[in-house]
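Visitor: I would like a close look at one part of this structure, and I would be glad if you then carried on from there into its surroundings. Please take your time and keep the account connected.

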Amino acid sequence: MVSNPQKITDMKGPGNIAEKIINYFVENDLPSDAVDAFGVWLTDEHGKEEKENALFKLWEQKETEMTAQSKRTGGIFLRWKSLGWIAAILLALFCIPLSISIFADSDSTVKLISSNDGKGDFILPDGTKVWLNSGSTLEYSEEFADKEIREVKIEGEAFFEVTKDTRPFLVDMGSFSVKVLGTRFNVRNSDRFTIEEVTLESGAVEIDMGKKGSLMLKPGESFAYNPIKETWLVENVKTSNHTNWTNRIINFEGERLYDIIETLEHWYNIKITLLDNADSSMRLSFRLIPETVEETMTVISLLTGYEFRIIDNRNILIYKKN
């Protein structure tokens, strides 16, 4: 056990002193007095830049390890916890927000939490790739890789590229669940929208609504469920409108305003309403890069002549000025 930072600095190995201290703290369970001493040392202004650089270096190292497609679970969970510690330290001490934070609850549940203005992708212990949209949370058990059913829970929006396995992959959406073996699909379950949604890009998924029954989706179909009215609808959609948010850049070439708005709703995880006096069939061409929603709305306003109004962080109106 290490009880003070002076003893930590006596450790041998590669890297500077700050790297050694931070790495030791992140990787080991220390007594409360050592944790307190670490906090005092870390918040000291002396060597602040060196400490910050060491944290970023360790973040990049752990993130690289985490994304390796390995099915060995002994150690993967520790790396997720390490990233959670580093993210929390960077945010609390240096006010540096990272797009994704990883935390482990006392009940052995791993949580992936994206910030309101960030999104990211992960490799789960079974090799499944997940893109997590802004303001979203993904949960799964520490024993995920060992269970007969690979189960995750989503609040917000995520796109899954599920690794094929004999064990089913289950997404808990709250009102219903999505069961797959190997496929690519998008799910959205957010309090910003009244509808819970599943859109299938390839493969097949089963929607299980419990006593209400179940149904299978085909590629190109979207399932929309209203938990208040307990009604649902399956329709053919342009899947790229629902999944383009996972890309870094989108080129709109003569796209209908309706399709652009649908894409932007997913891109910014926000509700956009086109009022009746605006033409949704108008076709536009422009390039979407990581810009603020206000900047993008300004571009659309210049191209269409329509006005827009940002109601709050969740709703935008587009309308034709009379």
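**A loop methionine and its surroundings**

Guide: Setting aside the neighbours within four places in sequence, Met-173 is in contact with Ile-154, Val-178, Val-187, Arg-188, Asn-189, Glu-196, Glu-197 and Val-198. This is a predicted model, and what follows should be read with that in mind. Met-173 sits in the loop that runs between β7 (169-172) and β8 (177-180). Because buried means under 20% relative accessible area, Met-173, at 1% relative accessibility, counts as buried. One of its contacts, Glu-197, is 24 residues away from Met-173 along the chain, and the C-alpha atoms of the two are separated by 9.0 Å.

Two of the residues that Met-173 touches, Val-178 and Val-198, lead on to the largest nonpolar core. That core has 31 residues, and Phe-160, Val-178, Phe-185, Val-198 and Ile-207 are the ones that touch the most other members. Strand β6 (residues 150-161) supplies the largest share of this core, with four residues. Phe-185, not counting residues up to four places away in sequence, touches a list of residues that includes Ala-158, Phe-159 and Phe-160, together with Val-178, Val-180, Val-198 and Leu-200. A second core, separate from this one, has 23 residues, and Phe-252, Ile-270, Ala-278 and Ile-318 are among them.

Ile-318 also belongs to the covered face of β19, along with Ile-316, whereas Asn-315, Leu-317 and Tyr-319 make up the uncovered face of that strand. The sheet to which β19 belongs is open and has three strands in the order β16-β19-β18, with mixed pairing. Since β16 (271-274) and β18 (307-310) stand at the edges, each with a single partner strand, one side of each is left without a neighbour in the sheet. From one strand to the next, the twist averages 20°.

The two pairings can be taken in turn. β16 and β19 run parallel and are joined by four bridges, and within this pair Ile-272 stands opposite Ile-316. β18 and β19 (residues 315-319) run antiparallel, again with four bridges joining them, and they form a hairpin with four residues between the strands. Here Ile-310 stands opposite Ile-316 in β19. Helix α7 (residues 257-268) packs on the sheet, where the helix touches β16 and β19, and its direction makes about 160° with that of β16. Helix α8 (residues 293-304) lies across β16, β18 and β19, and runs at about 165° to β18.

Helix α7 also brings us to the largest pocket, since α7 and β3 (120-123) are the elements that give two or more residues to the lining of that pocket. The volume of this pocket is about 730 Å³. Its lining consists of 23 residues, and those nearest its centre are Asp-117, Gly-118, Lys-119, Ser-134 and Trp-267.

Notes
Residues numbered from 1 in each chain as written. Predicted model: local features only at pLDDT ≥ 70, side-chain atom pairs only at ≥ 80, totals over all residues. Heavy atoms only, no water. Pairing = 2+ DSSP bridges. Axes fitted to C-alpha atoms, helices over the stretch in contact; angles between N-to-C directions. Contact = heavy atoms within 4.5 Å. Buried < 20%, exposed > 50% of the residue type's maximum accessible area, 1.4 Å probe, protein only. Core = buried A, V, L, I, M, F, W, Y, C linked by side-chain atoms within 4.5 Å. 1 Å grid on protein atoms, 1.4 Å probe; cavity = no way out; pocket = protein on both sides within 12 Å on 5 of 7 lines; lining within 4 Å. Points joined across faces, edges and corners; volume = space filled by probe spheres on them.
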